[in-house]
Amino acid sequence: RKKRMARLGPVGHIVLMTRFRCLPMDASAAARFRATRRDDRGGQIQTRQVDGPGYPCRACLRLGLPGETMLLASWDLPLPQGPYWTPSPVFLHAHDCGGAALEGALPETVLVNSIISLRHYDAAGMCLYDLGIVVPGEEAEAALRGRIGDPRVSFVNIHTARPGCWLTRVEKI
C-alpha cells in the first residue's frame with residue numbers, strides 16, 4: 001500500500017500527495033565505469049573537467065563542481081525494458097561520490113535544467129503518453145506531483161528534453 005501525505009489545497013480541501021524518491025544510476029554500473037573506463041556500448045569513456053554548468057552526476061544526483069573530473073559514458077538504462085528501452089549518455093564523478101536516493105524532492109540536476117521531459121511508465125514498462133510532459137526544470141516537481149499519484153504509474157524517468165539524457169528515475173514510496 002502506498003503511503004500518502006496530505007496538504008491543504010485550494011479552499012482548504014485536503015489533497016493527498018503520493019510520496020516519491022529519486023534514484024541515481026545503480027552503484028554497480030558507476031563502479032564498473034570507473035574501473036574499466038568502458039561504457040555499456042563498449043566505447044571508451046570520455047573524461048571531462050567541470051568548467052561550467054552542464055555536468056549533472058547521475059551517480060550522486062549532484063552537479064559537478066568546477067575543477068572536478070567527470071566521466072561521460074553511454075549507459076543502458078535498466079528501466080523500462082521492452083519497446084521503450086533506451087541507452088543514455090550520462091555524466092558521473094570520476095571518484096566514488098556516494099550516491100543515494102533522494103526522498104520527497106527532485107535533485108538539483110533536474111531543477112537547474114532549462115527544459116526537461118517527464119516520461120511516465122506503467123508496471124509493464126509501457127509509456128503513458130497522456131501523462132508525459134516537457135517543462136522547465138524549476139516546474140518539474142509540480143508537474144511530477146500532479147501526475148505520479150495516477151494509479152497506472154509505476155515509475156517516471158526524467159530526461160533532459162533537448163539531448164534526451166537520463167537524469168533520474170522516480171518511484172513511489
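Start by selecting Y129, which sits in the loop between β8 (116-121) and β9 (133-135). Those β labels mark strands, which are DSSP runs of E with at least two residues; helices, the α labels, are runs of H or I with at least four residues, and both kinds are numbered from the N terminus.

Before you go on, a word about what's on your screen. This is a predicted model, where local features need pLDDT of at least 70, side-chain atom pairs count only at pLDDT 80 or more, and totals for chains, interfaces and linings use all residues. Residues are numbered from 1 along each chain as its sequence is written, and side-chain values use heavy atoms, with hydrogens and water left out.

Back to Y129: is this residue buried or exposed? Y129 counts as exposed because its relative accessibility is 62%. The cut-offs, with a 1.4 Å probe and protein chains only, are under 20% relative accessible area for buried, over 50% for exposed, and in between for partly exposed. Now add R119 to your selection: its C-alpha atom and that of Y129 are separated by 7.9 Å, though the two residues are ten apart along the chain.

**Rings**

Next, show Y84, Y121, Y129 and F155 together, since you're looking for one aromatic cluster formed by these four. Rings of Phe, Tyr and Trp (its six-membered ring) pair if their centres lie within 6.5 Å; planes under 30 degrees apart count as stacked, over 60 as edge-to-face and the rest as tilted. Across the whole structure, a search turns up five aromatic pairs. Zoom in on Y121 and F155: their ring centres are 5.0 Å apart and their planes are at 15°, so this pair is stacked. Y121 is in strand β8 and F155 in strand β10 (residues 155-160), so the pair links distant parts of the chain, 34 residues apart. Both Y121 and F155 are buried.

**Strands**

Now pick β3 (residues 20-23). This strand pairs with β11 (residues 166-172) in the antiparallel sense, over four bridges. To pair, two strands need at least two bridges found by DSSP. β3 also runs antiparallel to strand β7 (residues 102-103), with two bridges joining them. Which residues stand opposite R21? Select R21 and you'll find E171 opposite in β11, and E103 opposite in β7.

**A helix with two sides**

Move on to α1 (27-36). Colour its buried residues: A29, A30, F33 and R34. They're on the same side of α1 because they cover an arc of only 135° around the axis, where the arc is that of the directions from the helix axis to the C-beta atoms. These buried residues pack against β5 and β6, with contact meaning heavy atoms within 4.5 Å. Spin the helix round, and the face turned away from the buried side carries the exposed residues A27, S28 and A35.

**Backbone oddities**

Here's some background for the last stops. Most residues other than glycine have a negative phi, and most peptide bonds are trans.

- Step past α1 to R37, whose phi is positive, near 60°. R37 lies in the loop between α1 and β4 (46-49), and its 30% relative accessibility is why it counts as partly exposed.
- Then try L61, in the loop between β4 and β5. L61 isn't a glycine, yet its phi is positive, about 60°. At 4% relative accessibility, L61 counts as buried.
- Finish at L79 and P80, joined by a cis peptide bond with omega about 0°. You'll find P80 in the loop between β5 (69-76) and β6 (87-93).
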